[in-house]
Amino acid sequence: MERSASGWINGFIGVMIFAGTLPATRMAVLQLDAGFVTAARAIIAAVLAVALLLTLRQPLPHRRDLPPLLAVSLGVVVGFPLLTALALRHASSAHAIVFVGLLPLLTAVFGVLRGGDRPRPAFWVCSVLGSACVVGYATRHGIQASWRADLLMLAAIAACGMGYAEGARLSRHLGGWQVISWALVIALPVMLPLMLVSWPPSVAHITAPAWWALGYVGVFSMMVGFVFWYRGLALGGIAAVSQLQLLQPFMGLALAALLLHEAVDASMLLVTLAAVLCVAGAKRFSR
């Protein structure tokens, strides 16, 4: 019971941290190149990860853990940050946050594919309905925002779902913070050249909020949030604690309205609520 309660608390803290990711990324990419934001946030987090791994003298991961660690790195270190940064150059964070309503569903789908579970038919019904809600919203509003942004967000959510599922599996024996730390280390050979190539020609025009936003996604979204999130999954159970992700779109919309003064209309709230309800149903029938 104590481990379960600790898992829920850690998972909730992780979700609260992740809720600020898209608004902060939007603030950063308005003045910085999307590739630079993606690489810089990974390198900031990697410096913290290396310091932790060396200070606590963590052993190297086993060879069998390298393929899933690479999947985590591609999904949550490279894929999701880069794709969302590109999408947020064409759409508001409030628009993009609606797609986060699919993240628990995609995490469950990848969990099913990797774990070999056989969900009941009702699971797939909820999955299709949830996807239809998002596709319907994109059809109605995506042309006004950007069809590129919608496609990029869908790809980002798929990449993140894969990274979450693989990371959750690894965290059972490797440890929560160790998973994201080694994933960041694996990504360093790619991220360091990318940061140097995309370095802004001049920083005189870049304001403090953009740098603070970059710092947030580097320290909290890319490292600290995963420490709590993977620990929560390990202690409280993947299926149970991952349902906390259903709160993330609402937290993100509130932050977008508060920090960026973006319009959050009724359709965004209704579509997000509908997607969350469908994901909740899918979770219920996942076993």
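Colleague: In which helix do Arg-169 and Glu-166 both lie?

Modeller: This is a predicted model. In it, Arg-169 and Glu-166 are three residues apart, about one turn of the helix. An α-helix has 3.6 residues a turn, so residues three or four places apart point the same way. The helix that holds both Arg-169 and Glu-166 is H8, residues 147-174.

Colleague: How far apart are the closest N and O atoms of Arg-169 and Glu-166?

Modeller: Side chains of opposite charge can pair when their charged atoms come close. A salt bridge requires a side-chain nitrogen of Lys or Arg within 4 Å of a carboxyl oxygen of Asp or Glu. Arg-169 and Glu-166 form a salt bridge, and a search of the whole structure finds one. Their closest N and O atoms are separated by 3.1 Å.

Colleague: Is Glu-166 buried or exposed?

Modeller: Its partner Arg-169 has 33% relative accessibility and counts as partly exposed. The cut-off for a buried residue is under 20% relative accessible area. Glu-166 has a relative accessible area of 5%, and therefore it is buried.

Colleague: What does the secondary structure of the protein come to?

Modeller: From the N terminus on, each element in the run is α. The count comes to 13 helices and zero strands.

Colleague: Of the contacts between residues at least 6 apart in sequence, what percentage join residues at least 24 apart?

Modeller: One pair of residues distant along the chain is Leu-66 and Ala-183, which are 117 residues apart. Their C-alpha atoms are separated by 9.2 Å. Over the protein, among contacts between residues at least 6 apart in sequence, the share that joins residues at least 24 apart is 91%.

Colleague: How many of the nine residues of helix H2 are buried?

Modeller: Of the 287 residues of the protein, 53% count as buried. Helix H2, residues 21-29, is mostly covered. Its buried residues include Thr-21, Pro-23, Arg-26 and Val-29. The number of buried residues in H2 is eight.

Colleague: Which helices each supply at least two residues of the lining of the largest cavity?

Modeller: The structure holds two cavities of 30 Å³ or more, and the largest has a volume of about 140 Å³. The lining of the largest cavity has 15 residues, and those nearest its centre are Phe-18, Thr-21, Phe-80, Cys-160 and Tyr-164. The helices that each supply at least two lining residues are H2, H4 (66-87), H8 and H10.

Colleague: Which residues make the nonpolar surface patch of about 500 Å²?

Modeller: The protein exposes about 12900 Å², and carbon and sulfur atoms supply 70% of that area. One residue of the patch, Trp-199, lies in the loop between helix H9 (176-197) and helix H10 (208-236). Patch residues need over 30% relative accessible area, and Trp-199 is partly exposed at 48%. The patch is made by Leu-192, Leu-196, Trp-199, Val-203 and Trp-211.

Colleague: What is the phi of Arg-57?

Modeller: Most residues other than glycine have a negative phi. Arg-57 lies in the loop between helix H3 (34-55) and H4, and at 74% relative accessibility it counts as exposed. Although Arg-57 is not a glycine, its phi is positive, at about 55°.

Colleague: Is Leu-66 buried, partly exposed or exposed?

Modeller: Leu-66 has its place in helix H4. Buried means under 20% relative accessible area and exposed means over 50%, with partly exposed in between. Leu-66 has 40% relative accessibility, so the class it falls in is partly exposed.

Technical notes:
Residues numbered from 1 in each chain as written. Predicted model: local features only at pLDDT ≥ 70, side-chain atom pairs only at ≥ 80, totals over all residues. Heavy atoms only, no water. Patch = residues over 30% accessible without salt bridge, like charges linked within 9 Å, V, L, I, M, F, W, Y side chains within 5 Å. Areas by Shrake-Rupley, 256 points an atom, 1.4 Å probe, with all protein chains shown as cover. Helix = DSSP H or I, 4+ residues; strand = E, 2+ residues; numbered from the N terminus. Buried < 20%, exposed > 50% of the residue type's maximum accessible area, 1.4 Å probe, protein only. Contact = heavy atoms within 4.5 Å. 1 Å grid on protein atoms, 1.4 Å probe; cavity = no way out; pocket = protein on both sides within 12 Å on 5 of 7 lines; lining within 4 Å. Points joined across faces, edges and corners; volume = space filled by probe spheres on them.
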